[in-house]
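Colleague: Please take a close look at a single part of this model for me. I would like one sheet and its surroundings explained step by step.

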Amino acid sequence: MFWQESDPETHPKVPNDVVDVMFALQHCKSLPVDHAHALANALIDAVPWLAEEPRTAIHTIHVAGSQNGWERPAHDSEQQLLPSRRTKLGIRIPRARLDELKTALEGRTLEIRGSSFTLGPAKERPLSAEKTLFARYVVAHIDEDEDQFLRRVAGELAQRGIKIRKALCGKALSLSTPAGPVLTRSLMLAELSLDDAIALQQQGIGDHQTMGCGIFLPHKGIEAVAQAAS
């Protein structure tokens, strides 16, 4: 009998110089759906270097689309999210500032447009080796359609040496700010190289990253989404 063991499966190593720091939300009954600007201001007031540190981004807070019969409301400044005990607040930062961020925010209570919550213990979460990534919000131009948006994004990433093979964008959505709405589109990129996927997570794309824009997250795949959109 000839028997040869299979080679062990190799897992690509992801650099840990940029990480997500996930804070538990405590005593949080509700939050405005459109809270990106208010959340950014509250966190930067508490930790001013978040506005200046390169490769820093603040994830907006999201909850499940349906919980106990509750449907996620439309994106509107008057609508409210209902966070659960599992809901987290994520901040992407250089790992060298991890301890400093935890010291500044653990146990701190933030006020967000009439709502409040306390930040509990934080855990470090590494970036992903997934090669399909999704950004909920990428800043868009008012005068561009979907094709123009995708061509512009592809051009900007090409200048950074990042090659796009498959891309899909979503409908336009505005984030409210005192200076006026910020127009965004969601963006999914598939079949990236590992190096490009890591670079996108580390650096993001576009403006307003402290408002949750241009932050890439791992996604299981683009095929089902593309079929649904067609």
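**A four-stranded sheet**

Modeller: Of the chain's 230 residues, 45% are buried (under 20% relative accessible area, with a 1.4 Å probe and protein chains only). This is a predicted model, where local features need pLDDT of at least 70, side-chain atom pairs count only at pLDDT 80 or more, and totals for chains, interfaces and linings use all residues. Residues are numbered from 1 along each chain as its sequence is written, and side-chain values use heavy atoms, with hydrogens and water left out.

The chain has five helices and 13 strands. These are DSSP runs, numbered from the N terminus: helices are H or I with at least four residues, strands are E with at least two.

Now the sheet. It is open, has four strands in the order 11-12-10-13, and pairs antiparallel. Two strands pair if DSSP finds at least two bridges between them. Strand 11 (166-175) and strand 13 (217-218) are at the edges; each has a single partner strand, so one side of each lacks a neighbour in the sheet.

Strand 11 meets strand 12 (residues 182-190) through eight bridges, and the two run antiparallel. Alanine 172 has arginine 185 in strand 12 as its bridge partner.

A helix joins the picture. Helix 3 (residues 146-159) lies across strand 10 (133-139), strand 11 and strand 12, at about 65° to strand 12. Contact here means heavy atoms within 4.5 Å. Axes are lines fitted to C-alpha atoms, for helices over the stretch in contact, and angles run from 0 to 180 degrees between N-to-C directions.

Terms used. Buried < 20%, exposed > 50% of the residue type's maximum accessible area, 1.4 Å probe, protein only.
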